[in-house]
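Trainee: Got a minute to go through this one with me?
Mentor: Sure, let's pull it up.

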Amino acid sequence: MDQHADNSPAQILEHTASILGCSVTDEKLAIHLDQGDEFRHLRDEFHVPKMKYLPSVDLTLVKAEDDCVYLSGNSLGLQPKKMRAHIDDELDKWAKVGVHGHFAGAFPWALADECIVELMADLVGAKKEETALMNGLTVNLHLLLLSFYKPTSSRHKILMEAKAFPSDQYAVESQIRLQGLDPKESMLLLSPVEGEKTLRAEDILSTIEKEGDSIAVIMFSGVQYYTGQLFDMASITKAGHAKGCFVGFDLAHAVGNVELYLHDWNVDFACWCNYKYMNSGAGALAGAYIHEKHRFTVKPTLLGWWSHDFKTRFEMDNEIDLSPGVNGFRISNPPILLVRSLQASLEIFNQTDKKALRRKSVLLTGYLESLIKLCHSKVPDNPQKPYVTIITPSNIEERGCQLSLVFSSPTNLIFKELMKRGVVCDMRKPDTLRVAPVPLYNSFYDVYKFIKALGESFKAEI
């Protein structure tokens, strides 16, 4: 793949296709791009479901033994092949040594999370001591807000995007009520301009400038789950700090998807799940981050025995020796099977370079965008022809790998036809299909097959 920083994905694709003597829509281009993919071997690190196992597939339309077209890593990542061996290791250790497993072996259970936290920290652009693996995402969001959200009569609002993931909004509403306040007064929701689907960066910053003196916490997504919009976290953080606000992010759809530099961006806090782009299994162990500048000043509101410093934790004197920073926010001992599941994925990421992985992602998603526009965009001269509208920003700096699609035909019917053809993607009500070609394991040929299946699905519905 010959990529240049000044070239858009569309220009790269057109240039490559012209060298091959074909069009961008030609199968030959997909095959060529996969041959030049430096990460193509990583697909072999994952289990890709076969067509025959999918519940809605029509085996008269596909080959039973073929891999499905899995484009749902934004909902649940594929299973790393090494995960089973890692889990079996711990089951064997438990069977053989029982309670001694807490302090024996390469992964002593009492320190298991700390054995892999550095790999996680590297991925989010943080220091090891700023990062913790614990709980689930929304639990971590609650724990962080309990300490960072300290409203006053003049500064009591939490700013977030309207239509954030429901769990985030529920958490924020309940935190506001916990302080005796009314979410209608203290929750500031930012919506797109009428007629638009995504937020304008300048509107986010101008809202912070205008309302900042009344905002206690800015709590945005890193990548918006529904639209796929990537927010400028560095600029939001800088603007928030200029107005005296704490700034935090839910990185559920950002971690493992886009480049993150939480420490350098000076982000105050963040949390994320690890079962989407991080491929660690449903309900996987989640992550949390607190910048080192808050190491001794922002303390946990709720404590548990894992909040206690490890050196004196087992003296059992019932006097808390609080671990500084985010480690003090840990409450319970880490679940070893979930730690080892996450390890399997982190080891794969450790074989990559996140800048190079991002370059592939930009081209892979750009390829998807180009094929949609070339094959399934609106044709003014043929109003009867079904078409696709992409609501995710076209600017590559404002998106990760996900494209959110809206159809001229009923989306639920297109979704059913795609499932019959072994396409695994994600529909979100009321009318949006989320498609995520994940650079770690998806191929350009996956995207080509998706576009082909989409064309067949349209014909089936005409």
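**Helix α4 and its neighbours**

Mentor: Start with the buried residues of α4: among what covers them, with contact meaning heavy atoms within 4.5 Å, are β4 (131-133), α10 (262-265), β9 (269-272), α12 (336-349) and α13 (354-376).

Trainee: Before I trust that, what kind of model is it?

Mentor: This is a predicted model, where local features need pLDDT of at least 70, side-chain atom pairs count only at pLDDT 80 or more, and totals for chains, interfaces and linings use all residues. Residues are numbered from 1 along each chain as its sequence is written, and side-chain values use heavy atoms, with hydrogens and water left out.

Trainee: Ok, which residues in α4 are buried?

Mentor: A112, D113, I116, V117, M120, A121, L123 and V124, where buried is under 20% relative accessible area with a 1.4 Å probe, protein chains only.

Trainee: And where's the kink in α4 centred?

Mentor: On E118, at about 35°; the bend is the angle between axes fitted to the seven residues ending there and the seven starting there.

Trainee: What comes just after α4?

Mentor: G125, with a positive phi of about 70°.

Trainee: New topic: at what angle do α1 and α2 pack?

Mentor: About 105°, with the axes of α1 (residues 9-20) and α2 (residues 27-35) 10 Å apart. That makes the two helices roughly perpendicular, a label for angles of 65 to 115 degrees.

Trainee: Which residues meet there?

Mentor: From α1, L13, T16, A17 and L20; from α2, K28, L29, H32 and L33.

Notes:
Helices (H or I, at least four residues) and strands (E, at least two) are DSSP runs, numbered from the N terminus. Buried means under 20% relative accessible area, exposed over 50%, partly exposed in between (1.4 Å probe, protein chains only). Axes are lines fitted to C-alpha atoms, for helices over the stretch in contact, and angles run from 0 to 180 degrees between N-to-C directions. Angles under 35 degrees count as roughly parallel, over 145 as roughly antiparallel, 65 to 115 as roughly perpendicular and the rest as oblique.
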